[in-house]
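This report walks through a protein structure in a few steps, looking at helices, at packing and at charged pairs. Please keep the sequence and the structure in view while reading.

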Amino acid sequence: MAKINENYLKLSKNYLFAEIGRRVAKFQAENPDAKIISLGIGDVTQPLPKVCIDAMSKAVQEMGNVKTFRGYGPEQGYKFLREKISEWNYKRHGLDIAPDEIFISDGSKCDCGNIQEIFSLDSKIAIADPVYPVYLDTNVMAGRTGNLKDDGHFEGVTYLPCTAENNFSPSPPKNKVDLIYLCSPNNPTGTTLDKAALKIWIDYAQKNNSIILYDAAYSAYISDKNIPRSIYEVDGAKDVAIEFRSFSKTAGFTGTRCGYVVIPQNLYGLTADGEKILLKDLWLRRQTTKFNGTAYIVQRGAEAIYSDEGQAEIKNLIGYYMTNAKIIRDSLSAVGLTAYGGINAPYIWLEIPKGFSSWKFFDYLLNKFHIVGTPGNGFGACGEGYLRLTSFGNREKIFEAMNRLGKI
């Protein structure tokens, strides 16, 4: 029989959200009349913007005409979308990001998980704790870590504690690392990194020849003008950082799938012999081998948000979810619970009452109030004692969930 990749065996048996789904399904089966409200998985509930629907409908018609039909598209993405992203998300904000530095994909989750493939297996990684599981799990699968220890950390990984004491803002380690995963606005804590914090990381990366893998999937939710939406707003970032962005939470594309990666033209990695290699070229080679591109219809839908009408629609969409976030934060505060995030991000990081572990509080909310959250320790050892709530539900259910919590 064929041998397996035993690195997979280092991981917990179930992916975090699969375990949540299993527990919820079991409870629902045992309590068929329970009206469960999910504030756990970060999936959107509101329809796609009308401009996107109109653009995709037009693209569908094109696919039904022999003169406008399209087959395989360019693996890097259609030029029409890359040019719009370059103009609207970067150049209009004074950032020199060219269309050929942008790679269209089927979402940030895949990009954040796949980017590690272009780096050496002996690369030392630094990951915030708590953190979005994909960053860590894909490196475990690749073989960059040792085994899981009793404290919930993997051998060979540099963990960056994010706690209330440091405002959930990770600090550079004393040791040298090669790859640094940062996420702002952060999933799961809902907190952000300002320019001063990012500058410290950029200086560290320049000093240590490190690469920052910067997940900005929720950048559209930032309303504070002092918080950068792109790491490239900070001097020196183009020399050390790759940026990931997504249409999933910006325009409701969680089921439609579209995102992109920015790899600056002059961003290099090194061979074992010290030769400098453009990371952009390596990523293009990886994509042309393993990826056939995002669907033309989807890319036309994504392009549509880059118009005055499109911007107005996504502003309303984001405003809807951020109003939900305020309702959740205010309701938690009213019952004496401490919460973070939910201001420049759609996530609320709830400090659970004493006497509960994260999973026990999850079960308590599910069984007593029929509300689903996400246990904080599912994002890392430092997440113990917290629960993540999302604001992506519909307004009526958000109010109902908060009314139930009012009895806590």
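## Helix H1 and its buried side

In this predicted model, helix H1 has 15 residues and reaches 22 Å from its first C-alpha to its last, which is close to the 21 Å expected at 1.5 Å a residue. Its buried residues are Leu16, Phe17, Glu19, Ile20, Val24 and Phe27. Around the axis of H1 they cover an arc of only 160°, and therefore they sit on the same side of the helix. A general property of helices is useful here: an α-helix has 3.6 residues a turn, so residues three or four places apart point the same way.

What lies over this buried side? The cover of the buried residues of H1 includes two helices, H5 (133-142) and H11, together with the strands S13 (371-372), S14 (374-375) and S15 (386-390).

## A salt bridge between distant parts of the chain

Helix H1 also takes part in a charged contact, since the side chains of Arg23 and Asp363 meet in a salt bridge, with 3.2 Å from N to O. This pair links distant parts of the chain, because Arg23 belongs to helix H1 (residues 16-30) while Asp363 belongs to helix H11 (residues 358-369), 340 residues apart. Arg23 is partly exposed, with a relative accessible area of 23%, and Asp363, at 27% relative accessibility, counts as partly exposed too. The two residues belong to a network of salt bridges that links Glu19, Arg22, Arg23 and Asp363.

A search of the whole structure finds 17 salt bridges. One of them joins the side chains of Arg92 and Glu87, at 3.3 Å from N to O; here Arg92 is partly exposed at 49%, and Glu87 is partly exposed at 34%. Another joins Lys176 and Asp178 at 3.0 Å, where Lys176 has a relative accessible area of 43% and Asp178 one of 22%.

## Helix H6, from cap to end

Helix H6 (residues 195-208) has 14 residues and spans 20 Å from its first C-alpha to its last, close to the 20 Å expected at 1.5 Å a residue. Its buried residues are Ala197, Leu198, Trp201, Ile202, Tyr204, Ala205 and Asn208. Seen down the axis of H6, they fall within an arc of 160°, so they line one face of the helix. The face turned away from this buried side carries the exposed residues Ala196 and Lys207, while the cover of the buried residues includes strand S4 (157-161), strand S5 (179-183) and strand S6 (211-215).

The two ends of H6 can be described as well. At the N-terminal end, Asp194 caps the helix, with a side-chain oxygen 3.2 Å from the backbone nitrogen of Ala196, and after the helix comes Asn209, whose phi is positive, near 55°.

## The nonpolar cores

Which residues touch the most other members of the largest nonpolar core? Of its 78 residues, they are Ile115, Phe119, Leu213, Ile242, Ile263 and Leu332. The largest share of this core, 8 residues, comes from helix H10 (residues 308-334).

Ile115 gives a closer view of the packing: leaving aside its neighbours within four places in sequence, Ile115 is in contact with Tyr181, Leu213, Ile242, Phe244, Ile263 and Trp283. Apart from this core lies another, of 49 residues, among them Ile97, Leu160, Leu193 and Ala304.

Technical notes. Residues numbered from 1 in each chain as written. Predicted model: local features only at pLDDT ≥ 70, side-chain atom pairs only at ≥ 80, totals over all residues. Heavy atoms only, no water. Helix = DSSP H or I, 4+ residues; strand = E, 2+ residues; numbered from the N terminus. Expected span 1.5 Å × (residues − 1). Buried < 20%, exposed > 50% of the residue type's maximum accessible area, 1.4 Å probe, protein only. Arc of directions from axis to C-beta. Contact = heavy atoms within 4.5 Å. Polar contact = N/O pair within 3.5 Å; in protein donor to acceptor, adjacent residues only side chain to side chain. Core = buried A, V, L, I, M, F, W, Y, C linked by side-chain atoms within 4.5 Å. Salt bridge = Lys/Arg side-chain N within 4 Å of Asp/Glu carboxyl O.
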